[in-house]
Amino acid sequence: MRIGELAERAGTTARAVRYYEARGLLPARRDAQGHRVYDERDLKLLRQIRTLQDFGFELEETRPFVECLRAGHPQGDSCPDSLAVYRRKLDELDALMAELRAVRERVAGQLARAERARDALVAEALVPGGPEPRCELVPQGAPEGRE
């Protein structure tokens, strides 16, 4: 098959196929007229690359999977180097999830603090002669009202 058909069947672009070739992930075979030619094995390699990238793997992280397929394994993730990449990616994801949990806790703390402050302002405003709550985000010159 030609590059356009390969790209379409793999759900990518011819430009991406040429880039993967330049990076040594796909073979660059040509016919007698100089056109790129591909077969089902190349489609399998390209689908493996695309799937891993969809999962968030960097392009270079796909190399062990591609090499595993090229070595004749039916699946690109059955080789030791592929398994090592999976382990590293899981460690990376676990670290990112921990960071996100920590950020979420900080944001939740800020929200709770802000709600307490708002509630205190509302309570003060209910006291006769108390201050009127004001929002600091009201644009200058805009009418301010009770919240």
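In helix 4, the buried residues are Arg63, Pro64, Phe65, Val66, Cys68 and Leu69, where buried means under 20% relative accessible area, exposed means over 50%, and partly exposed lies in between (1.4 Å probe, protein chains only). Helices here are DSSP runs of H or I with at least four residues, numbered from the N terminus. The model is a predicted one, in which local features need pLDDT of at least 70 and side-chain atom pairs count only at pLDDT 80 or more, while totals for chains, interfaces and linings use all residues. Residues are numbered from 1 along each chain as its sequence is written, and side-chain values use heavy atoms, with hydrogens and water left out.

## Helix 4 and its cover

Six of the eight residues of helix 4 are buried, leaving this helix mostly covered. What covers them? The cover of these buried residues includes helix 3 and helix 5 (80–126). Just after helix 4 comes Gly72, with a positive phi of about 100°.

Let's look at how helix 3 meets helix 4. Helix 3 (residues 40–54) packs against helix 4 (residues 63–70) at an angle of about 155°, and their axes are 10 Å apart. That angle makes the two helices roughly antiparallel. Here axes are lines fitted to C-alpha atoms, for helices over the stretch in contact, and angles run from 0 to 180 degrees between N-to-C directions. Angles under 35 degrees count as roughly parallel, over 145 as roughly antiparallel, 65 to 115 as roughly perpendicular, and the rest as oblique.

Helix 3 contributes Lys44, Leu45, Gln48, Ile49 and Leu52 to the contact, and helix 4 contributes Phe65, Val66, Leu69 and Arg70; contact means heavy atoms within 4.5 Å. By class, this contact of helix 3 with helix 4 holds six nonpolar, one polar and two charged residues.

## Helix 3 and helix 1

Helix 3 also packs against helix 1, at an angle of about 45° and with the axes 9 Å apart. These two helices are therefore oblique to each other. From helix 1, Leu6, Arg9 and Ala10 meet Glu40, Asp42, Leu43, Leu46, Arg47 and Arg50 of helix 3. This contact of helix 1 with helix 3 has four nonpolar, no polar and five charged residues.

## Salt bridges

A salt bridge is a side-chain nitrogen of Lys or Arg within 4 Å of a carboxyl oxygen of Asp or Glu. By this rule there are 11 salt bridges, among them these three:

| Pair | Closest N to O |
|---|---|
| Glu40 and Arg9 | 2.9 Å |
| Glu61 and Lys89 | 3.3 Å |
| Lys89 and Glu92 | 3.2 Å |

Glu40 forms a salt bridge with Arg9. Glu40 lies in helix 3 and Arg9 in helix 1 (residues 3–10), so the pair ties together parts that are 31 residues apart in sequence. Glu40 is partly exposed at 48% relative accessibility, and Arg9 is partly exposed at 35%.

Glu61 and Lys89 also meet in a salt bridge. Glu61 sits in the loop between helix 3 and helix 4 and Lys89 in helix 5, so this pair ties together parts 28 residues apart in sequence. Are these two partners buried or exposed? Glu61 is buried at 18% relative accessibility, and Lys89 is buried at 4%.

Lys89 forms a salt bridge with Glu92 as well. Both lie in helix 5, three residues apart, about one turn of the helix. An α-helix has 3.6 residues a turn, so residues three or four places apart point the same way. Glu92 is partly exposed, at 38% relative accessibility.

Note on methods: Nonpolar A, V, L, I, M, F, W, Y, C, P; charged D, E, K, R; others polar.
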